[in-house]
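I opened my notebook to see how the parts of this model meet. Here is what I looked up, in order.

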Amino acid sequence: MAKVPTPAELLPGLSYEPPEKGWMDVKPDFRPGTYCNPASPKWMEWINYPYPAARSVPDDEWALPQDWKEIVLQGMDDRLKRFRSLKLFFDICVRCGACADKCHFFLGTGDPKNMPVLRAELLRSVYRRYFKTIGRVLSEIAGARDLTEDVIKEWFFYLYQCTICRRCSLFCPYGIDMAEMTLLGRELLASVGLNIDWAMASVAQCYDKGSHIGAPPQAFKDMVDFLAEENERVTGITTTPSYNRKGAEVLFVMPSGDYFADPGTFTMMGYLLLFEHIGLDYTLSTYAAEGGNFGWFISHEMGKRLNAKIYAEAKRLGVKWILGGECGHMWRVCNQYMSTWWGPVDFLEKPVSPITGTRFENATVHKMVHISEFTADLIHHGKLNLDPQRNAHIKLTFHDSCNTARGMGILEEPRYIINNVLPEGNFVEMPPNTIREKAFCCGSSSGINANENMELRMQGGFPRANAVRFVHEKYGVNHLGCICALDRATLPTLLEYWVPEVGITGISELVGNALIFPDEIERTTDLRDRDLVGFGELAEEAGEEEE
Amino acid sequence: MQIATLLSQKKSAILGRWLTTIYESYPPETAIFLRKEKNRFDNPMGYRISEGMEGLYGTLLQELERDQILTCLDEIIRIRALQDFAPSQALAFIFLLKNVIRQELAEEIRQENLAAEVLELESRIDGLALLGFDVYTKRREKICEIKADEAKRRISGLMRKAGIGDDSP
């Protein structure tokens, strides 16, 4: 029995002095909306992953294997030996706090365990307890703790509240890479059967059928053919993608989001128009029909398994080099991991643009060029006939996707393209502490763009949306551009909650809008069938009024 | 109305204390950060909450359209509707303005015999809280809506291919 609480008594921070609890004693609150569902055993069986079981987060028992503790500690030991970086990151942190307020999940949730320094401590405390003498002897006094089921649950909660965006690393004086710790921590979870359903379903589908969305080759071809027909309807230009064509010069690989989900489909239409415009000798592969790689969000091993098809197809088809579409994590995997996994890539040539003759020295090793690099080079050499006025209805700001920008340094190329396909004055940057290397993440990447954790995603993306709202209110920005398929899938949802006036577009879509073909039909709409400003009937009416 | 004059004169002190109470509903480390970091992009939550509270305070000082009041409430509630708060906790901050005003203006209320005016003011704060329920509910509904819309976008390309418009039943 108790009195009805006063408003002050309802808020814990106000009604009483919080008990002196250390962070180790504060357990995660698994509130629906903040966590991802564990993977269904079906998907794990498809890809032969260990310890499949039907699990539910709110349950006390998580159906861990009997020797789960030994498996995790052995796994940690293995990884400490294989990755010197991991040992370094565990040992070197002095807890200066420079990273503490740089994580979008901390800024959105207000949960101190989302401070990267503390998130890393969730793993580091176990490392100290079992792998450092001081931790073995002094235990909690030395920041060490026993590995218990509660600790595993905490890892599951917080390692899937990190989008591997590496913004915190940028501010760390030692360059400690939280993303690497998260990835390896997720591997440890996977080793005892703990994965998230959204990522695992995508992985299993991709492994079995060729794309995350589970589209078989026929569906992939049908959809791309349909988008080519759409191009013809809007522009009058026949775009003719080929499939599995041996002897093509270039293999083009894109994320599946670009040929199924809107607004990615319009980016795909843009690619097809661009290739037609320059007469590129390219082919698509129905086997390597997925550039994205959710496997990498679960383990390096699974990332490698899903990635295998890209080089395999390049080799089978006998292309000279590979061109990659607008995708963030795909680019990080291809650029930073692929040649290490499979190299040397002696069956491909150093990429050279057949149109401009530019040698892409940066792709010497892995033989894959990003579409933004390729397009920017074409524009730089005057190879594209562009009418920026066809994008006059778009007032744009640009979201630097974490993997392409912070991970790979693709900062100038998309901006160069934007400035050439938009009328002058239609591109506005967000504030400097929210873009380029310091860009705020979309909050839904790294396999957590599920439906059941929507509240978490909206909190994680809040800092990004906050900056978008600023340029919308100050400059009338109505579109957010990006070169990442996960962004195109998740940012529309984020902005629908925070800044519904702003839409999302890929950069190749804007290129497609602006391209002029000699034999095109009169253009009155963009690729989404939206009226262009100053073209068609509207322009004629304006002309009549002037007369 | 004397109380309105006092609210204007003591705006800074009342708002400051009110802001402290809402920050203290977060863990101590977070509360320190929310108070300390002044850059609106590095501390979006602190910025939006403080802006929203200033706006809400303004609703007590001047006559505004209902939509304007709802906008001020939404500035804060749309953040708290996502976070680890029960609905009662998410909205408690509105009622706490009464406590803050009673504390900050205690002397003036006693000396000037403003009890009646305070009651009237507190009634209006109750009104704000009731409107806050509307905003909170809308935001929770919005979460359901964006989930459904995202699911639709995943197959919208296929629907177009099949010739089925997004306005089809």
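Entry one, the domains. This is a predicted model, and I began inside chain A: 25 residues of domain 1 of chain A are in contact with 29 residues of domain 2 of chain A. On the domain 1 side, the elements giving two or more residues are α3 (41-46), α6, α10 (167-171) and α11 (178-191) of chain A. I noted that α6(A) gives the most to that side, with five residues. By type, I found that the domain 1 side divides into 12 nonpolar, nine polar and four charged residues. For the bounds, I have domain 1 at 24-195 and domain 2 at 202-514 of chain A. Their centres, taken over C-alpha atoms, are separated by 30 Å.

Entry two, the chains. I turned to the partner and found 36 residues of chain A in contact with 38 residues of chain B. The elements of chain A that give two or more residues to its side are α1 (7-10), α2 (12-15), α6 (104-109), α13 (217-235), α22 (454-460), α23 (462-475) and α24 (485-498). I sorted the residues of this chain A side into 20 nonpolar, 10 polar and six charged.

Entry three, a helix pair. How do α13(A) and α15(A) pack? I have an angle of about 75° between α13(A) and α15 (residues 264-278) of chain A, with their axes 9 Å apart. That angle makes α13(A) roughly perpendicular to α15(A). From α13(A), I listed L227(A), A228(A), E230(A), N231(A) and T235(A) in the contact, and from α15(A), T265(A), M268(A), M269(A), L272(A) and L273(A). The residues of this contact divide into six nonpolar, three polar and one charged.

Key
Residues are numbered from 1 along each chain as its sequence is written. Chains are lettered from A and ligands numbered from 1 in the order in which they are written. This is a predicted model: local features need pLDDT of at least 70, side-chain atom pairs count only at pLDDT 80 or more; totals for chains, interfaces and linings use all residues. Two residues are in contact if their C-beta atoms, placed from the backbone, lie within 7 Å. Helices (H or I, at least four residues) and strands (E, at least two) are DSSP runs, numbered from the N terminus. Ala, Val, Leu, Ile, Met, Phe, Trp, Tyr, Cys and Pro count as nonpolar, Asp, Glu, Lys and Arg as charged, and the others, Gly among them, as polar. Domain bounds come from an automatic or database domain assignment. Axes are lines fitted to C-alpha atoms, for helices over the stretch in contact, and angles run from 0 to 180 degrees between N-to-C directions. Angles under 35 degrees count as roughly parallel, over 145 as roughly antiparallel, 65 to 115 as roughly perpendicular and the rest as oblique.
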